[in-house]
Amino acid sequence: MQASVVTEAVRAKPARRLHGWWMPIAFLLPSLVSFALFKYYPLFKLFYMSFFAYQVASPPGDFVGFHNYAEFLGTDSFMLALRNTFVFALLFLAMTFWVPIVQALLLGEIGRGNSTFRFLYQIPSIVPYVVTVLIWKWMYNPDFGLLNYYLGKLGLGPYLWLNNIHMTKFAIVLPSLVATQGISILLYYSAIRGIPQDMLEAAKVDGAGPWKRITALLVPNMRFIIFIQFVGFMTGALLIFDPIYVMTQGGPAESTTTVSLHIYNTAFYQYRFGVSAAISVVMFAITGLITYAQLRLSKSADG
Amino acid sequence: MKVEKMKQNRIRETGERTIKLVSYSLTILFVLVSLIPLAWMVSSSLKDDKAIRAYPPQWLPSLPRSIQVTLDYTGMDEAASEFYEKDAMKAMWYPWVLNKLEGIGEVKVRGIKDGRLIYSARTTKPNFLAGQTRVVPTSILSDRMMDSKLPIIRDKKLSSFQWYGLARGPDERPSPDAAASAAVGEETLSGRFLTFYASKGLVQGKVAAIAETPKLLSLFDSFLGLNKLTQSSSQEGSGSGFGRWFANSVTVTLGSIASQLFFGGLAGYAISHLVHSRRLKTMLLMFFTATLMISDTSMMLPLYVTINELHLMDTLWGIILPHTAWGIVVFLFKGFFDQLPKELLQAAKVDGAADFRIFYQIAAPMSIPIFTVVGVMTFLPVWNEFMWPLVVAKSQDNWTVTLALNNISLSKNASQNLLMAGGVISMIPLLLVFLTSQKYIEKGVSFTGVKG
């Protein structure tokens, strides 16, 4: 829109005048302002807030130094949240990370109907994650739920999926097993497609069986993309918020409260903004390091 | 022919058939398992309140019924239309609330007097559900009650009432065996209605006929009534319903995409072609992409405070604007513009074209693929976003679809069929995007995948 208005103006005036040292600045200004305002200023604010008993109504409140950090670091609830976070991350890793890799490898063996399957795989990712979680919450319903009924037929259960502290974590991760990784399948599949066909044929001639081909040829060629996905996956898993908030809101007995939820609750239920900011700083450090490693690695691989 | 030739050229391997078989069956299994929850959502969205709580769970929704009642006022004193209207409302709302869990799609009542049709009235299920808590909150029913409820029904247009007048209505003779034709008993719905009319004495007209027919369209009542029902259950009387929330989501998503394309396109182009110092280029790129390391969760609180300081709290702008600062967008644009032929842009410059004009008339049209990829790739996360709207949108007027669905699910008398209908609607825009641009998504995957 704006660009077209400017173009009209250009036609009317001599064009020369719009070349200038300030042209790049005009192009960059919207983004510079937006990034400064919505990334760098809040980042500064985050550290700043973490040193105050922050009051939203009359900022910044009293300066308390590192007291906010000292306040949460030793507490049981934070340690529990930290533990939950890593348990969740490991559960996600064990239960869901390998799924799209296997699915892509299987797709690699499929000729006819390949694009149909690829499309079908995408459909569960088309549903908003929150909606997927709500469907599963409905299937978990102890009284009318689909899962308890069919498991009951197999002689299992009934389970109190979201009310049993030993099951809730599992129940929260389970939907992701089938629902959210359509894009990853495409990614892995395109990596497999990237392997030259004659290499595969040659391996066949040399008598490499399917298992051998996967371990010796396909996976090594996918290694890089798997690694990059792994780093992104772990960052996501460590920050997991939506499914927990929707399914259990951290309960029962804080058994599903992760650091993300802890940050949210501390800020928006207890209004202890300073403490919440201090926890956020710790979380920022952890995930920042992971993402930094990811960027470095992808850069070194690019060339 | 051609296929066969290719097959001959390929090297066949022992057990190839087994591998194929295993691959196909496992893939089909994966697909089926992942589609079951979706099928359950669609099936649930078509169910009535009874079927939704059926145990064992039933996959196929039962067909809703339409009940048609004819009331005969022959032999009674003439009265004002209001009397008949009240009678019709009682005849529809009272027996319905006693059978509210049954699959009733609509109730129609026709009044006749001396062989003439004097009125016809109709209540549909979405309207019944929307008005139930106010019109017939309990199953304790009385003649008086309707006096105070009639204004509510009229005001909210919950039931239609067509008055023909005592003298002018079209001829209508009750068929002699009509009353007998309805199976009397507790098994059928019409039987239950008939028992109600006969025993309670709340309805003045005599039942001349009652009929029960399946009504296919009522399967979609959860969809048709979604807006009205969510509106009626919204607390502060803000009157915003699902339609509003859907529009909010559309606004937020399209607003974010548009601003990203504009902001990111300009910045990416500038870094790629307008800034000549190599050092400055690197610094700018670092400025933008370093933000990729900041996770959304750790930004939640400070961004909340920032939005608060900007007085954008509880506005759609507050949801949209932070999306203008996505490092990955600038990165993608810069990478794409780098590949544009420099000579072409240089030539345009020599010809005296201004930078904006080169961007707008030469660079942008050549970059439609990247604009599409960025647009599509933004659509998914922004449409699905939950945490940020949760923090920003305090009032119902500014809810997005995901936030609204979560809040509906948390309300005390959440009806799952309604929730699932909302879920089905929420996936439609994404489905459209996927169907029209799967190609671009696969392309976007290869662009962005490596960068996470």
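Student: Which residues make the nonpolar surface patch of about 680 Å²?

Tutor: This is a predicted model, in which local features need pLDDT of at least 70 and side-chain atom pairs count only at pLDDT 80 or more, while totals for chains, interfaces and linings use all residues. Side-chain values use heavy atoms, with hydrogens and water left out, residues are numbered from 1 along each chain as its sequence is written, and chains are lettered from A in the order in which they are written. The patch is made by A:Trp21, A:Trp22, A:Ile25, A:Leu29, A:Val33, A:Leu37 and B:Leu310; a patch of this kind takes residues with over 30% relative accessible area and no salt bridge, and joins nonpolar side chains (Val, Leu, Ile, Met, Phe, Trp, Tyr) within 5 Å.

Student: Where is A:Trp22, and is A:Trp22 buried or exposed?

Tutor: A:Trp22 sits in the loop between α1 (2–12) and α2 (23–49) of chain A, helices being DSSP runs (H or I) of at least four residues and strands runs (E) of at least two. With a relative accessible area of 36%, A:Trp22 is partly exposed, a class lying between buried (under 20%) and exposed (over 50%), with a 1.4 Å probe and protein chains only.

Student: Which residues have the most contacts inside the largest nonpolar core?

Tutor: A nonpolar core is a set of buried Ala, Val, Leu, Ile, Met, Phe, Trp, Tyr and Cys residues joined through side-chain atoms within 4.5 Å. The largest one here has 173 residues, and those with the most contacts inside it are A:Phe27, A:Met222, A:Phe268, B:Met41 and B:Tyr269. Helix α4 (residues 76–108) of chain A gives the most to this core, with 11 residues. Leaving aside neighbours within four places in sequence, A:Phe268 is in contact (heavy atoms within 4.5 Å) with A:Phe273, B:Met300, B:Leu301, B:Tyr304 and B:Val391.

Student: How many salt bridges are there over all chains?

Tutor: Side chains of opposite charge can pair when their charged atoms come close. With a side-chain nitrogen of Lys or Arg required within 4 Å of a carboxyl oxygen of Asp or Glu, the count comes to 12 over all chains. In one of them, B:Glu85 pairs with B:Arg154, the closest N and O atoms being 2.8 Å apart; B:Glu85 belongs to helix α4 (residues 81–98) of chain B and B:Arg154 to helix α6 (residues 145–156) of chain B, 69 residues apart. B:Glu85 is buried at 9% relative accessibility, whereas B:Arg154 is partly exposed at 43%.

Methods. Patch = residues over 30% accessible without salt bridge, like charges linked within 9 Å, V, L, I, M, F, W, Y side chains within 5 Å. Areas by Shrake-Rupley, 256 points an atom, 1.4 Å probe, with all protein chains shown as cover.
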